[in-house]
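Here are a few notes to read alongside the model, put together for a colleague who likes to check things against the coordinates. I hope they help as you look through it.

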Amino acid sequence: MNGFFDIPSDLQNSWAGLIGVHMREALLPVAAGLLLALPVAQLCGRFRWLYPPVLGTTTVLYAIPSLAFFVVLIDYTGQTELTVMIPLALYSLVVLVPAIVDGVRSVPDETLTAATAMGLGPVRRYLQVQLPIAAPAIVAGLRVATASSISLVSVGALIGNQGALGNLLAAAQKYDRPELAVNAVLTMAVLAILCDALLVGLRVLLTPWMPRAGTRPRPAAARDPEGALR
Amino acid sequence: MIRIDSVTKRYPDGTVAVDRLSLDIPDRSITVLVGPSGCGKTTTLRMINRMVEPTEGTILLDGEDSRRQPVTTLRRSMGYVIQNAGLFQHRTIVDNIATVPRMLGWGKQRARERAAELMERVGLDPSLAKRYPYQLSGGQQQRVGVARALAADPPVLLMDEPFSAVDPVVRKGLQDELLRIQDELGKTIVFVTHDIDEAIKLGTMVAVLREGGRLAQYAPPAELLSHPADGFVEDFLGADRGIRRLSFFPSAALELTTDAVIRSGAAAGPAAATGAAHLLVTDADGRPLGWAAREEATAGDVRADRLLPYGRPFTPGADSLRVALDCAVLSPVGWAVAVDGDGRVTGVVSQQTIGEAIRAAHTEGRADTEKAGVAE
């Protein structure tokens, strides 16, 4: 295992540097996906007929191989990180859109009626009632999207070393140094687990109002917004 | 006053939820809308705060068309209580209650103080303030719902079947609490229910609606029970409306007798003179012990283990004729025991005497309505 952290110089980055690039390439698309998914999900909530075609579209996008995306995008965005991140952002929609739609739908009718009756306008109702109550479902979606994004970044290695830690896989073949491949896989796994733990922590922080394990089950627990996803 | 003026709600598919309904809802009293499902009672309620817009007709608030102010302003001036409370599950109890005051721009401190004050008013322990809704029972959640509706001190309170999802014992508690709060605050309350007993208990005025959103009768509960407008209202009131109507007659005028009451240990002097088959035995303080057969009592041979139970006593003045009759019916000897506020016996009364009082009350009631009819 000598040279485990000895990164070939043509990657132009240290191990820590590769981690930084990898996180950027993995998390920015998820963030962009979330920003895109929120209004799309809101439209799907308002116009119910829109949801099935939107769901179909995100699934089809997810079915397109990343390599095919790269071939198309490379004409416009070149061999850059952006070429890697655009498909990743689109892939994240397949989890995020249904997560948000289900989360917002899980808000009980009487809660919405009460909000309307108290004089909350549509914007307030969305920001102060629907979104906070949908938070656990949205975070659950983000966990899946983040883990998958962290692993998918590595295919960027196919378009000229834009795969961050994935580039180590290519380097392992090129220089016949299998320890670099082990490094890449382990590091990505640890990153995915850490990000997941952070998101779980975020959910706990956002939802002091949810019944916790160990508390007495109450009828309210039946309305657990995450239930839809389990 | 809220005036509903020949209001119709017709949906695009042609369904008529409310049909040319006119109601004058008096200030500072509870008006109940009651009827079977599909009678448009909730739709009517929701037209008052414009969650449903009428197709025809107008709703006037103190003479002004409700459409003349912005809809959110209108809604914030009316408290709204809903079945299952509809609390914001992601906010603490105190923040739930403070919702409308905060929207109206109150400072955080003032809104919280107001919320604490309201929790006390609706009978919630202040220690619940920082809890979340899932940690409360259904009855407690409903109390929070009432507190939240009252938070900005709106003159009008709209209540949509607020107590129908809780068990009967809790429901009775919530109803009593609402009456108590109403005594203190004097809001204009519009209350929707499908439960005629709840309507009769809470309503100052009761509007009975029938399917298709037409008004069947609009009257005070006592009049509803004595003079149902038609067969539909009569059916809806149920088979025992005569008994229920007795709730509106006081028991204070009942003629009590003390002849059939003896103190334990004392000789049955004048008691022997009455024709009653049983005599009520009390302890030295005057609290009831039970019924003794007359022969045993006159012979001075009263034994505690041979007494018949005296059942539930009633309090003249506080209880209605219905309670008095119920006590007499439940009594093993057919006599009801009357006690004062401290539980001391003030006399006993037979079923016959109660029956005479009921007939007298009915005659009086009829005379009153006839008089009212002439005045109109």
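The expected span of a helix is 1.5 Å times one less than its number of residues. With that in hand, here are the points; please keep in mind that this is a predicted model.

1. Let's begin with helix H4 of chain A, residues 81-105. How far does H4(A) reach from its first C-alpha to its last? The 25 residues of H4(A) cover 36 Å, close to the 36 Å expected at 1.5 Å a residue. There is nevertheless a kink of about 35° at Val94(A), shortly before the proline Pro98(A). H4(A) is also mostly covered, with 21 of its 25 residues buried.

2. Next, the contact between the chains. Chain A puts 17 residues into the contact and chain B puts in 19 residues. On the side of chain A that touches chain B, the elements giving two or more residues are helix H5 (109-117) and helix H6 (122-152) of chain A. H5(A) gives the most to that side, with 6 residues. By type, the residues on that side of chain A divide into 10 nonpolar, 5 polar and 2 charged.

3. Now for chain B as a whole. Its secondary structure comes to 14 helices and 15 strands, and its C-alpha trace spans about 80 × 55 × 35 Å along the principal axes. Of the 376 residues in chain B, 43% are buried. Looking at the contacts in chain B with a separation of 6 or more, you will find that 61% join residues 24 or more positions apart.

4. Strand E8 of chain B (residues 188-193) deserves a look. Is E8(B) mostly covered or mostly open? It is mostly covered: 6 of its 6 residues are buried. In a regular strand the side chains alternate between the two faces of the sheet. Here Thr188(B), Val190(B) and Val192(B) point one way from E8(B), while Ile189(B), Phe191(B) and Thr193(B) point the other way, and all are buried.

5. Which strands pair with E8(B)? One is strand E3 (residues 30-34) of chain B, which runs parallel to E8(B) and is joined to it by 5 bridges; within this pairing, Thr31(B) stands opposite Val190(B). Another is strand E7 (residues 156-160) of chain B, which pairs with E8(B) in the parallel sense over 5 bridges. There, Val156(B) stands opposite Thr188(B).

6. Leu209(B) is a handy residue to select in your viewer, and it lies in strand E9 (residues 205-210) of chain B. Why does Leu209(B) count as buried? Because it has 27 C-beta neighbours inside 10 Å, and 20 or more is enough for a residue to be called buried. Leaving aside neighbours within four places in sequence, its contacts include Leu33(B), Gly35(B), Cys39(B) and Arg214(B). Gly35(B) is 174 residues away from Leu209(B) in sequence, yet their C-alpha atoms are 4.9 Å apart in space.

7. Finally, have a look at the open sheet of 3 strands in chain B, ordered E11-E12-E13, where the pairing is mixed. Strand E11 (261-263) and strand E13 (288-293) of chain B each have a single partner strand, so one side of each is left without a neighbour in the sheet. The twist averages 35° from one strand to the next. E11(B) and strand E12 (residues 278-282) of chain B run parallel and are joined by 3 bridges, with Ile262(B) standing opposite Val281(B) in E12(B).

Note on methods. Residues numbered from 1 in each chain as written. Chains lettered and ligands numbered in written order. Predicted model: local features only at pLDDT ≥ 70, side-chain atom pairs only at ≥ 80, totals over all residues. Pairing = 2+ DSSP bridges. Helix = DSSP H or I, 4+ residues; strand = E, 2+ residues; numbered from the N terminus. Axes fitted to C-alpha atoms, helices over the stretch in contact; angles between N-to-C directions. Buried ≥ 20, exposed ≤ 12 C-beta atoms within 10 Å, placed from the backbone. Contact = placed C-beta atoms within 7 Å. Nonpolar A, V, L, I, M, F, W, Y, C, P; charged D, E, K, R; others polar. Bend = angle between axes of the 7 residues up to and from the residue.
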